[in-house]
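Got your viewer open and a selection box ready? Here is a short tour, one stop at a time.

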Amino acid sequence: IQSVNQAIVNISQVMTGISQGNYNQSIESEMKGQLNELKHHINSSVESVNEVIASLSIVAGAMNKGDFTQFIELDFKGDLAQLKHDINEAISSTSSAIKQVSESLEALAKGDLTKQMHGNYAGIFNQLQLNINQTTRQLIDVISKIQSSAEEVKQCAKEISLSNTEISERTEEQAASLEQASASTKTMLEEVYGVVEQSKNAVQQ
């Protein structure tokens, strides 16, 4: 009976520690029968929880340093297996979102506006995806408008250049016509002057 009482006290101490978040204890007392089986289950549970805590500590430490390549690799069962799956999925989604954000911003810095965020994200990552993709589309629209305006300015400059050429050619043509008309007028005046002189000479004779 004393050994049973000691076993119950030992089990109670370990269970109390677990309820308080202390997983450093285990049942060390020698037990038999069902008590030994209970001891084995409790110690296995504590060991599994300690493994989860150790894995979470490694993963959290890596994430804190910006490393999202670390996952929980240990095999668990039941709720711990689901917890492992959920944590690894969260790390994977976070890693994917951060990678796409980095690639989009890097492409944007190099002038490449074709890189956008793809995939289905939720919460803050979805908002980040919408903001980056919207920013890229707006930049594409602004650049398109600038290119269109530049083309219009280029066309106007070309038309002005052609107009100036035409005006210059017309001015040269008009100057040539004026010069020709001036020469013709001078010739006519010389002929008239000659006729007048001849008439004067004829009268004097």
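Which residues does Thr-94 touch, not counting residues up to four places away in sequence? Select Thr-94 and look around: the partners are Phe-68 and Phe-125. Keep in mind throughout that you are looking at a predicted model. Thr-94 itself sits in helix H3, and at a relative accessible area of 15% it is buried. The cut-off for that label is under 20%, so Thr-94 makes it into the buried class with its 15%.

**Zoom out: the whole chain**

Now clear the selection and show the protein as a cartoon. You should find four helices and zero strands, which read α-α-α-α along the sequence. The radius of gyration is 49 Å, well over the 17 Å that the globule rule gives for 205 residues, so the protein is more spread out than a compact globule. Line the view up with the principal axes and the C-alpha trace spans about 180 × 25 × 20 Å.

Colour by accessibility next. Buried residues make up 18% of the 205 residues. Switch on a surface and you are looking at about 15500 Å² of exposed area, with carbon and sulfur atoms supplying 54% of it. If you prefer a contact map, take the contacts with a separation of 6 or more: residues 24 or more positions apart account for 37% of those.

One more global check, this time on charge. Select the 15 positive and 26 negative charges, and compare their mean positions: these are 3 Å apart.

**Salt bridges, one by one**

How many salt bridges does a search of the whole structure find? Four, and we'll visit some of them.

Start with Lys-84 and Asp-75, whose side chains meet at 3.8 Å, N to O. The two ends have contrasting surroundings: Lys-84 counts as buried at 18% relative accessibility, while Asp-75 is exposed, with a relative accessible area of 71%.

Next, select Lys-115 and Glu-103. Their closest N and O atoms are 3.8 Å apart, and the pair forms a salt bridge. Lys-115 lies in the loop between helix H3 (78–109) and helix H4 (123–204), whereas Glu-103 is in helix H3, so this pair ties together parts that are 12 residues apart in sequence. Buried or exposed, or something in between? Lys-115 counts as partly exposed at 34% relative accessibility, and Glu-103 is also partly exposed, at 29%.

Then pick Lys-110 and Glu-106, another salt bridge, with the closest N and O atoms 3.4 Å apart. Here Lys-110 is exposed at 65% relative accessibility, and Glu-106 is partly exposed, with a relative accessible area of 44%.

**Along helix H4**

Time to move into helix H4, where Asn-133 is found. Asn-133 is buried, with a relative accessible area of 10%. Which residues is Asn-133 in contact with, leaving aside its neighbours within four places in sequence? Highlight Gln-116 and Met-117: those are the ones.

Go on to Ser-168, also a resident of helix H4. At 36% relative accessibility, Ser-168 counts as partly exposed. Put a distance label from its C-alpha atom to that of Gly-33: the two residues are 135 residues apart along the chain, and the label should read 117 Å.

The last stop is Thr-171, again in helix H4. Thr-171 is partly exposed, at 45% relative accessibility. Draw a C-alpha to C-alpha line from Thr-171 to Gln-155 and you get 24 Å in space for a pair that is 16 residues apart in sequence.

**Before you close the viewer**

Try one last overlay: Thr-94, buried at 15%, and Asn-133, buried at 10%, in one colour, with Ser-168 and Thr-171, both partly exposed, in another. With the four-helix cartoon underneath, that gives you a handy picture of the stops on this tour.

Notes
Residues numbered from 1 in each chain as written. Predicted model: local features only at pLDDT ≥ 70, side-chain atom pairs only at ≥ 80, totals over all residues. Heavy atoms only, no water. Buried < 20%, exposed > 50% of the residue type's maximum accessible area, 1.4 Å probe, protein only. Helix = DSSP H or I, 4+ residues; strand = E, 2+ residues; numbered from the N terminus. Rg over C-alpha atoms; globule rule 2.2 N^0.38 Å. Contact = heavy atoms within 4.5 Å. Areas by Shrake-Rupley, 256 points an atom, 1.4 Å probe, with all protein chains shown as cover. Lys, Arg positive; Asp, Glu negative; His and termini not counted. Charge placed at Lys NZ, Arg CZ, Asp CG, Glu CD.
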